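This briefing is meant for a reader who is meeting the structure for the first time. Please keep the sequence and the 3D view open while you read, and look up each strand, helix or residue as it is named.

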Amino acid sequence: MNFDSSFSGFLKNSVANNPPPASVDRRRTAVMLLLLVGAAGYPGCSKAPPAAVEDAALRSAITVAAPAGEPITLKSAAAEFDILPSGYIQPFLLQNEKRLALDEPEAGSAASSDALVSAGKEIRDFTLDFSHAKISASRGKLGTRGQRVEITGRGSTAEAAGIEKLLAVEVYDDFPSLALTTVTYKNVGSKAIKLDRVVTERRRLNASLADPTAAPYDLWSFQGSSYDWGKDEILRISKNFSQPNVMGGPGPKGQGGGIPVIDFWTKKVGEAIGHLDTLPLVLSLPVQVAKDGRISVSMVLEPDTTLKPGEVYSTPHSFIMVHSGDFYESLSLWSSALQRQGWNLPKPTNADYSANWCGWGYEAHFTPAQMLGTIPKLKDLNIPTATLDYYWFDSFGDWNPRSDTFPGDAIKKVVDEYHKQGILITLWWQPLGVEDGQGKPSLGKPMTTAKLVVQHPDWMILDKNGKRARLISPVCTVAAMCPALPEVQAYHKELTERFIRDWGFDGNKIDSAFSVPPCYNPAHKHKSPEDSINAVADLYRVILETTRSLKPESVT
């Protein structure tokens, strides 16, 4: 649920205070999603009564062609999706009666976009039974009209002999350039099957298909992961490009979160993949340029589970999307598809688009005098909002004012003076982090031990070894509270009330806490270690709603 701060600034600046023209509405949709991301529970899919399904299929403008010995094609007014014998879904953008593509699948079974890794061996040789493909009305949440194709297959090698694969592809009238896919594996054998890794949506892209003068890798791209601090997410792919794009939980360098969309485009055509689950699933969307210059991208999950005979494993609702234009097209459509599933976005306030001066210009050891001395310049420049930034506090977790720079009620006096001068002021803080005397200090702050960790050690996330898990960021390395605990959410509500109601701040600047590690604390009784990751959005919702209840025109 994070995006790079430089991109944030770019997006904010792209929406002026004046009302945008109609052509920019689609961009505002994407901007609102990125700035105000917040998750609601996934509502699931409901199956319509048979009569309704049949009626919806008759009304759909999506057509399905299944000639013997040929790919099955789902066609809309905007796109065509060919399901190849290997199971690879090759998308085409339709323009002026031409099929434009970036996809260049390999020949034979190597083209399969799905694979399992079991006991260290990759399994992707499944023979799909196209002669018994099932065509019916779509049944998900993306609309009442559409078409669905289901194809079953069995493994054609000894390793895959006990596995049955079901590929389902749906195209909806309301989303004619997007194909929704799921793959289900069933253990139909007599022995348990270990699932180490599951790969789906594997694509092989070639820019030369759209521009014969371009190198195969020469595509612009949006990479939605919080891969590394300060890294661009909008970039041109280079010859030796490689990026793991971990989504959901923390990545190798501690950032985490992310927008589960990867997009590539040229002047003529673009293609994106990702998932449409409303939870921050822990997976990766790795991108790498191969030796032949083609771009390889896929969705990779590591379920680390075992399928007993008769059990099934299904991939998330992933998608392939084709478009013209840049990444705004894919993000806008992704946002619309999530909202169709019940994912509600908070409405922006006017203050969300205001310029904001940040006290970090004085770095860590700033004083009340410096903050107050800036007011005349802010008024001169007509900047309506400021931020009291990093290291105004004693310790992560306790969040009391520093006694050496902000003693007594010094913070309240600063807030009151800003308000007296007609300027709003927000507060920097980092939810979920707690100093426990370990880790390393950063940005001029010595490491301490918060009272909170002594009083509530049971609130902390534990790793697989029973040790406190860490929040790792450019700001600090500290212990992590578990946001799935009601007590932790209640504590953050109390903190927010202190900052907004008692001290008078006009909003929150929340930094460097994009996700948390999986929680293995037995006292929390989680159904899954990823419960902690899924609950990050719930905790941020508590902060946002508490802030807005106290100050409706606030910024978070």
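The second largest pocket of this predicted model has a volume of about 1400 Å³. The points below begin with the residues that line the second largest pocket, and then turn to the sheets, the strand pairs and the aromatic rings.

**The second largest pocket**

- The lining of the second largest pocket is made up of 49 residues, and those closest to its centre are Val-282, Leu-283, Leu-301, Glu-302 and Glu-530.
- Several strands give two or more residues each to this lining, namely β10 (146-155), β11 (163-172), β12 (175-187), β21 (283-284), β23 (295-301), β25 (312-314) and β31 (470-472).
- The largest share of the lining comes from β12, which gives four residues.
- When the lining residues are sorted by chemical character, 23 are nonpolar, 13 are polar and 13 are charged.
- As general background to such a description, rolling a probe the size of a water molecule over the atoms shows where empty space is left.

**The parallel sheet and the helices on it**

- An open sheet is built from four strands in the order β27-β28-β29-β33, and the pairing in this sheet is parallel.
- Strands β27 (356-358) and β33 (508-510) stand at the edges and have a single partner strand each, so one side of each is left without a neighbour in the sheet.
- From one strand to the next, the twist of this sheet averages 30°.
- Within the sheet, strand β28 (residues 385-388) and strand β29 (residues 424-429) are paired in the parallel sense over four bridges, and Thr-385 has Leu-424 in β29 as its bridge partner.
- Helix α7 (residues 410-420) packs on the sheet and touches β27, β28 and β29, while its direction makes about 145° with that of β29.
- Helix α9 (residues 486-502) also packs on the sheet, where it touches β29 and β33, and the direction of α9 makes about 145° with that of β29.

**The antiparallel sheet of three strands**

- Three strands form an open sheet in the order β30-β32-β31, and here the pairing is antiparallel.
- Its edge strands are β30 (433-434) and β31, each of which pairs on one side only.
- Strand β31 pairs with strand β32 (residues 477-480) in the antiparallel sense over three bridges, and the bridge partner of Arg-470 is Ala-479 in β32.
- Strands β31 and β32 are joined by a hairpin that runs through four residues.
- Strands β30 and β32 pair in the antiparallel sense over two bridges, with Gly-433 having Ala-480 in β32 as its bridge partner.
- Strand β31 also has a place in the pocket described above, since β31 is among the elements that give two or more residues to the lining.

**Strands β1, β2 and β3**

- Strand β1 (residues 63-65) and strand β2 (residues 72-75) run antiparallel and are joined by three bridges, and the bridge partner of Val-64 is Leu-74 in β2.
- These two strands, β1 and β2, form a hairpin with six residues between them, and in its turn Gly-69 has a positive phi of about 75°.
- Strand β2 also pairs with strand β3 (residues 79-83), in the antiparallel sense over four bridges, and Leu-74 stands opposite Phe-81 in β3.
- A hairpin is formed by β2 and β3 as well, with three residues between them.

**Strand β15 and its partners**

- Strand β15 (residues 220-223) is joined by four bridges to strand β19 (residues 261-265), and the two run antiparallel, with Phe-222 standing opposite Asp-263 in β19.
- Strand β15 pairs with strand β16 (residues 234-236) too, in the antiparallel sense over three bridges, and here the bridge partner of Trp-220 is Arg-236 in β16.

**Aromatic rings**

- In general, a pair of aromatic rings is described by the distance of the centres and the angle of the planes.
- If rings are counted as a pair when their centres lie within 6.5 Å, the count comes to 28 aromatic pairs.
- Phe-126 and Tyr-185 form one tilted aromatic pair, with 5.8 Å from centre to centre and 50° between the planes.
- This pair links distant parts of the chain, with Phe-126 in strand β8 (residues 126-128) and Tyr-185 in strand β12, 59 residues apart.

Note on methods
Residues numbered from 1 in each chain as written. Predicted model: local features only at pLDDT ≥ 70, side-chain atom pairs only at ≥ 80, totals over all residues. Heavy atoms only, no water. Pairing = 2+ DSSP bridges. Axes fitted to C-alpha atoms, helices over the stretch in contact; angles between N-to-C directions. Contact = heavy atoms within 4.5 Å. 1 Å grid on protein atoms, 1.4 Å probe; cavity = no way out; pocket = protein on both sides within 12 Å on 5 of 7 lines; lining within 4 Å. Points joined across faces, edges and corners; volume = space filled by probe spheres on them. Nonpolar A, V, L, I, M, F, W, Y, C, P; charged D, E, K, R; others polar. Phe/Tyr/Trp six-rings, centres within 6.5 Å; stacked < 30°, edge-to-face > 60°.
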